[in-house]
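Me: I am new to this structure and would like a close look at one single part of it, explained slowly. Please also set that part beside what surrounds it, so that I can find my way around.

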Amino acid sequence: MIHPIPPGTRDILPDEMRELRQLQWTLLETFGRFGYGEVVTPTIEYDEVMARGDGRTAGSAYRFFDERGDLLALRSDMTVPIARLVAGRYVGAEPPFRLCYVANAYRAVRPQRGQMREFAQAGVELIGPEAPGGTAEVVEVLQAALDAVGLRRAVIGLGDADLYRQALAELGIEGEARESLLEKLAMHDLVGLQEELALVEGVGEEQRATLVSLSQLRGGREVLEEARSIGGEAVARAIARLQGTFDELERRGAAERVQIDLGLLRDLGYYSGAILEVYDPALGHVLGGGGRYDRLLERFGRDLPAAGFSFYLERVHVAQAEEEQTSGGGSGEGR
């Protein structure tokens, strides 16, 4: 008799688990070479902590009451718990703090869309260094991790979390309309974005066309000049930030695999400034992402700039297998 498991979860058998464990060890070893120390936080947090960190996605958390009546939540990512940890446990210590992790996270999603309720992540958090230097270090670690697990064709998208928020504000688009448009961007839903813009009152056809064309700009340094020609204060500020990051990446010799993507937007609400997303031609899904979250730690009582990234381990594992098939067996690195 087969007993079902909840949609959005899965069993992992020994052969696959051995490969996943090797993947975890490879990533942790790579993070360690850059000075990142592994931390572990509770799977269960107070709901208030998760909501304080990211109210935008708090609704997707699994919540329950404990025996004392306190409202608890399963962590929905690792960045918020680590922000809490640094603000509370490193009070007398001076930054920078370089931390890494491998952990499961949980979100109430729609499994019929292929999303997972329980998923494994591996990532780093760099707390203390300002942009653009801190952002460039995170990208360097990300590239080294991709190389270590054999995904040398993977591309790192670089965007700006504040670009569309501020551009929509310039046009007077606020409230539910603004949030709906940002959601469409985060889902890479161009058709939905166009349809939502058509419903917004007070936004002309030329302005709608500008917003859509801006979201389609991706490539190398030339994208910055194309965007600058569009005009607007929000665009100018975002381009200046991206220019500084890209210049620093070039100075470090770490810009080759980076693609500027002005349509990029992460689905977590605490990002500010540079944001990252990892793509691989062998897989249709995003392998991971991250970015700057310079205002997150302030919510927990310690104002420090920060940046980081995380991988979805199961997706990276699938991409490894696809990469090996494409390359005719590959070198077996990271397996």
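Reply: **The second largest pocket**

Sorted by class, the residues lining the second largest pocket are nine nonpolar, three polar and four charged ones (Ala, Val, Leu, Ile, Met, Phe, Trp, Tyr, Cys and Pro are nonpolar, Asp, Glu, Lys and Arg charged, the others, with Gly, polar). The model is predicted, with pLDDT of at least 70 needed for local features and 80 or more for side-chain atom pairs, while totals for chains, interfaces and linings use all residues. Residues are numbered from 1 along each chain as its sequence is written, and side-chain values use heavy atoms, with hydrogens and water left out.

The second largest pocket holds about 270 Å³ of space (on a 1 Å grid over the protein atoms alone, a pocket is an open set of points with protein on both sides within 12 Å along at least five of seven lines, whereas a cavity is a set where a 1.4 Å probe fits but cannot get out; lining residues have an atom within 4 Å of a point; points join across faces, edges and corners, and volume is the space filled by probe spheres set on them). Its lining has 16 residues, and those closest to the centre of this pocket are I12, Q24, N104, A120 and E314.

At least two lining residues of the second largest pocket come from each of α1 (14–33), β5 (97–106), β6 and α11 (313–326) (helices, H or I of at least four residues, and strands, E of at least two, are DSSP runs numbered from the N terminus). Among these elements, α1 contributes the largest share of that lining, with four residues.

Strand β6, residues 118–127, also leads to another space, since at least two lining residues of the largest cavity come from each of β6, β11 (283–292) and β12 (306–312). The search of the whole structure finds two cavities of 30 Å³ or more, and the largest cavity has a volume of about 120 Å³. This cavity is lined by 18 residues, with Q121, L268, Y270, Y271 and S310 lying nearest its centre. Strand β12 gives the most to the lining of the largest cavity, namely four residues, and by class that lining consists of seven nonpolar, six polar and five charged residues.

For the wider setting, the protein chain has 11 helices and 12 strands, and its C-alpha trace spans about 60 × 55 × 55 Å along the principal axes. Of the 335 residues in the protein chain, 50% are buried (buried is under 20% relative accessible area, exposed over 50%, partly exposed in between, with a 1.4 Å probe and protein chains only).

Two helices show how this burial looks in single elements. Helix α4 is mostly covered, with 13 of its 16 residues buried. T135 is found in α4, and T135 counts as buried because its relative accessibility is 3%. Just after α4, G150 takes a positive phi of about 85°. By contrast, E233, which lies in helix α10 (residues 233–251), is exposed because its relative accessible area is 57%.

E233 also gives a sense of distance across the model: the C-alpha atoms of E233 and T326 are separated by 45 Å, with their positions 93 residues apart along the chain. To return to the part in question, residue 326 is the end of α11, one of the elements that supply at least two residues to the lining of the second largest pocket.
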